[in-house]
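What follows is a walk through one protein chain, taken part by part. Please keep the sequence and the 3D view at hand while reading.

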Amino acid sequence: MACLSLFLMGQMAVTLDGQPVTGFESGKVRALLAYLAIETDRTHSRETLANLLWPDQPEQAARNNLRQALANLRQAVGDHKAHPPFLEITRETVQFNQSSDHWIDAAAFSKLLGAAQKHRHRHPESCPLCARWLEQAAELYQGSFLENFYVGDSAPFEEWSLVKREKLQHLALGTFFHLAAANERDGDYERAYQYASRQLELDPWREEAYLQAMRAQAFQGHRNAALALYDTCRSLLKAELGVEPTVETRALYEQIRSGKLTYGQRSRQNHLANLPEPGTPFIDRGKELEEIETLLENPACRLVTLIGQGGIGKTRLALKIAQETGRSFRDGVCYIPLAGLKSVGFLISAMASALKLTFTGAESPQKQLFDYLRPKDVLLVLDSFEHLLDATPLLAEILHQTSGVVLLVTSRQRLSLQSEWLYDLEGLDYPVKVLDRDPLTYAAIALFVQRAHQAQRHFSLSPVDVGPVVRICQIVEGMPLGIELAAAAVRSRSCAAIADEMSTNLLALKTTLRDLPERHRSLWAAFEYSWQLLSETGQTVFPRLSVFRGGFQAQAAVEVAALTPPELASLVDQSLLRQFEIRNQPDLPRDATPRYDLNALVRQYAHQKLSEQGDVEATRDRHLDCFLTLAEEAEAHLYAAEQDGWLELLERDHDNLRAALGWALESQNITAATRLAGALARFWGMRGYLDEGRRWMEQVFALFSSQKESTDPNIKAKALLGAGALAWRQGDLEPAKALMEESLALFRQAGNHGETNRVRHSLATVVSTQGDDTRAAALLGECLAYDREIENLQGIAFDLGTLGDIAYQGGDYPQAQAYYEASLALHRKREDKQSIAICLNNLGEVARYLGDDALSATYVEEALALLRELGARQVLAISLVNLGDLMQMKNQYNQAGKLYCEALSIQHELGVNADIAGTFASFATLAFKMGKFDRAARLFASAEALREGAKITLTTIQAEELATSMAALRIQLGEAGFASPWEMGRGMDIEQAVSFALTEEGND
């Protein structure tokens, strides 16, 4: 998206993607933009805008001027190319689009001040978050609103801008005053003076700013400068307002003049008494810092636990938070390291030592600690608490006995106290899928580069290294310890070698640094420390979770790993397992939330433990049984009312299903592999995993050829049918036909009449697509008779739909319409959303050929809504093309092109070349109508080449339309002019042809 930035405080400036926008024809166009951008919360009538900028002109002339100004404004800011556009314009109203990609300094300024005003904080005058927001706001205020910008013949606009100018200036003065006072309290007198001076620049008679400036100069030892400020203040007040300075100002003047207020009288308070100085720079965790500081500033929150696995950076972040929030606590911060404590009995002594508290007398150390803390306003940082959980009652009692003590605890396990606020710490920011910005802006990559440079001073992130470093960060999921250990290895190995090693060997990375605790000298050691905290049962069952892929739900953990929900919760509390909720999803037929998952490194560690226990094969067998059951249970529901919920369940566990099928093949469990592949065929087809599904089927059939063991013919026939359906969806009609013929023979051999009939129907669809309507009709006749005999509504609905296809392909549209409507009625009764959508799509096509474009659009738009809901991408793409064809007929070429592009992108990803051929033809027709005849010829030729490869037969009407288009194209280009682009189109491979069709310049 293009980002439009407006700088309205100070000299007005407008940029688009960082480049200045200079195409404004007049100041009134700029004024219009400024007004709309500020008053963005409502629509504005054209009449109001015309009166605002051309108040003295006749109404029609003013509206004409507004129309021209809007046209120029849209052109200048690239509104036509922005998605979504910056302006929402109708015949009567105009509004700045709040959902567009834009940034406005005045809006950002007000938002920051609003956040500070609404923020709940422990001590308003010392809240670090509010100070940060105010500093950011102060930086944005670069001058008065629309400074030196005037529209001379528009009094209404000038009145509006004056009101905004005064309001923003008032807010700026308050911001500068607050920041001057805060910096004075902290002893940063230079910054205090700067903020006082900024107030005086805006309001030279602001006496409270003179007071701040005088004190700031005096505390820096600039006595004469402070006295000169008083003289200036007195002179201005006398000359402009006829008054003398207040008593407070005169008293301060006398203090400075007499030497009673001198340099160094106030100094920065030392809040950070015992925080250790980190040996390395802090890598940005801005989001986490702000969120945790917000918690610590909340008066209702007095215990925050940073929870996370070893090496995730809990200690480093806690120290940074303590440093940032220190000034929020009157009595400062105290850091209490606990990793070295052997038992809970030493905790009170460790706290006292850090607080520099000496126990005396006969009273218990615990009571003396409480008495010492009771009057304090202090933050206690308790680092590495996980092995001292029996001491949590002491923390609860500290909170009960005091009112100003706040606890920040780091732990691998939650404390399980009522007063505890948990913050789960994850890894540093890293590119999860694609590298979509400067690599060094990712915190994980920045940390790697920093540590690598420490280990090898000549190291720099070369283009060759970027990919491997991204892979390293992905392997460790941003874990700082893993990144630091990997970076240290650059002394002896390339980044690529390190990444390769890490992907297979967790034990590979170690450090010999002596100033790291033993548990952080390798990834194995970090996890081994957590392992030792597990119970004996936990050490037995936890490793079994390593066989899951992509997460799992509680019921699966019970079946595969014998882990109960309470045990899962315990592993979550110990940071060995992640729990997450999935929101905004369809109603699921099972209780599939919450879900759990393992960090990739934890999984690798757990799998090593599982191998050591000799439990890998038995666990993977249980995993296979679990997900085979899920697939077969789901399959029966994929053409029923609740299909969207079952599709979503299969999608969530697709990685587990892949792992299960992979294990069935690896262990040569031919029955389980065939059952699972056969059960998944519908899911793969509906969700568009066509290439993947066919590859799995090939592996299953290869296993058949290598095994002498006999298998139930029904199981194999079902898999063959599934493989044939996937081939048909991709337009590979001959392989599809062969697979279905073999399936049909096996089902007949087994005497399975119901499945025999299902294969007959699928085979009829294939031969119909090949143009063999006679055989298709015969097969469908048998299908319909059988389905009616057994009252199979689903089968009847599909039979009628395919009969509609045959009628449509033969050009008998009234008959096709009758079949489709009958099929649709049955599918609606069964609430099969995908089949409903397919019928609607077909009816839309028929309505278009019968000349009812409005009805056609209604059908197709309803189909699109259902298909997007289901995620049925192949059929969705077909519907997008159909809607694009309708847009094209209405001469809405831009909209048609967008729909074709979306459809083609889906089809190319799915590898459905037969569908792509049809989309190419639609693209070609669009190009012809737009006068791009050379482009049309190339696309028609590419479509023909794909149809020939897939042996696709055109319907009667399609063949007639193509012949008409070709004749018209030859006339436009001439035979000589037609031959060259035609040959170029036929010569393009699929990648080249898709790229050509999607080119932006071809679809403007």
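A starting point inside the chain is Leu 545, which touches Phe 552, Ala 557, Ala 561, Leu 563, Leu 568, Leu 571, Leu 577 and Leu 598, leaving aside residues up to four places away in sequence. The model is a predicted one. Leu 545 belongs to the largest nonpolar core, a set of 215 residues, and is listed with Phe 448, Phe 542 and Phe 920 as having the most contacts inside this core. Among the contributors, helix α28, which spans residues 670-687, gives the most to the core, with 11 residues. Another core lies apart from this one and has 61 residues, among them Val 29, Tyr 35, Leu 36 and Val 94. In soluble globular proteins, nonpolar side chains tend to be buried together.

The whole chain can now be placed around these cores. The chain has 1004 residues, of which 52% are buried. It is made up of 43 helices and 15 strands, among other parts. Taken along the principal axes, the C-alpha atoms fill a box of roughly 115 × 90 × 55 Å. The surface that the chain exposes comes to about 44,400 Å², and carbon and sulfur atoms supply 50% of that area. Of the contacts with a separation of 6 or more, 67% are between residues 24 or more positions apart.

Two sheets come next. One is an open sheet of 5 strands in the order β9-β10-β11-β8-β12, and its pairing is parallel. Strands β9 and β12 (420-424) stand at the edges with a single partner strand each, so one side of each has no neighbour in the sheet. On average, and with direction ignored, neighbouring strands of this sheet are turned by 20° against each other. How is an edge strand such as β9 placed with respect to the rest of the structure, enclosed or not enclosed? Strand β9 covers residues 333-337, and 4 of its 5 residues are buried, so the strand is largely enclosed by the rest of the structure. The partner of β9 is β10 (residues 378-383), and the two pair in the parallel sense over 5 bridges. One of the bridge partners is given by Pro 337, which is matched with Asp 383 in β10. At the other edge, β12 is joined by 5 bridges to strand β8 (residues 303-307), and these two run parallel. There, Leu 303 stands opposite Glu 420 of β12.

The other sheet is open as well and has 3 strands, in the order β4-β6-β5, with antiparallel pairing. Its edge strands are β4 (44-45) and β5 (87-89), each of which pairs on one side only. Strands β5 and β6 (residues 93-96) pair in the antiparallel sense over 3 bridges, and Leu 87 has Phe 96 of β6 as its bridge partner. Helix α1 (residues 27-38) packs on this sheet and touches β4, β5 and β6; its direction makes about 75° with that of β6. Strands of a sheet pair through backbone hydrogen bonds, either parallel or antiparallel.

Some details of the backbone are found in loops. Pro 84 lies in the loop between α3 (59-77) and β5, and the peptide bond leading to Pro 84 from His 83 is cis, with omega near 0°. Lys 356 sits in the loop between α13 (347-355) and α14 (365-373). Lys 356 is not a glycine, yet its phi is positive, at about 60°. With a relative accessible area of 68%, Lys 356 counts as exposed.

Asn 891 also has a positive phi, near 65°, in a residue other than glycine. The loop that holds Asn 891 runs between α38 and α39 (893-910). Asn 891 is exposed, with a relative accessible area of 52%.

Helix α38 itself spans residues 873-889 and includes Asn 882. Is Asn 882 buried or exposed? Its relative accessibility is 7%, so Asn 882 counts as buried. The residues that Asn 882 touches, not counting those up to four places away in sequence, are Asn 841, Glu 845 and Val 860. With Asn 841 there is also a polar contact between the two side chains, at 2.7 Å.

How values were computed
Residues are numbered from 1 along each chain as its sequence is written. This is a predicted model: local features need pLDDT of at least 70, side-chain atom pairs count only at pLDDT 80 or more; totals for chains, interfaces and linings use all residues. Side-chain values use heavy atoms; hydrogens and water are left out. Helices (H or I, at least four residues) and strands (E, at least two) are DSSP runs, numbered from the N terminus. Buried means under 20% relative accessible area, exposed over 50%, partly exposed in between (1.4 Å probe, protein chains only). A polar contact is a pair of N or O atoms within 3.5 Å; within protein, one must be able to donate a hydrogen and the other to accept it, and residues adjacent in sequence count only if both atoms are side-chain atoms. Contact means heavy atoms within 4.5 Å. Two strands pair if DSSP finds at least two bridges between them. Axes are lines fitted to C-alpha atoms, for helices over the stretch in contact, and angles run from 0 to 180 degrees between N-to-C directions. Accessible areas come from the Shrake-Rupley method with a 1.4 Å probe; for residues, only the protein chains shown count as cover. A nonpolar core is a set of buried Ala, Val, Leu, Ile, Met, Phe, Trp, Tyr and Cys residues joined through side-chain atoms within 4.5 Å.
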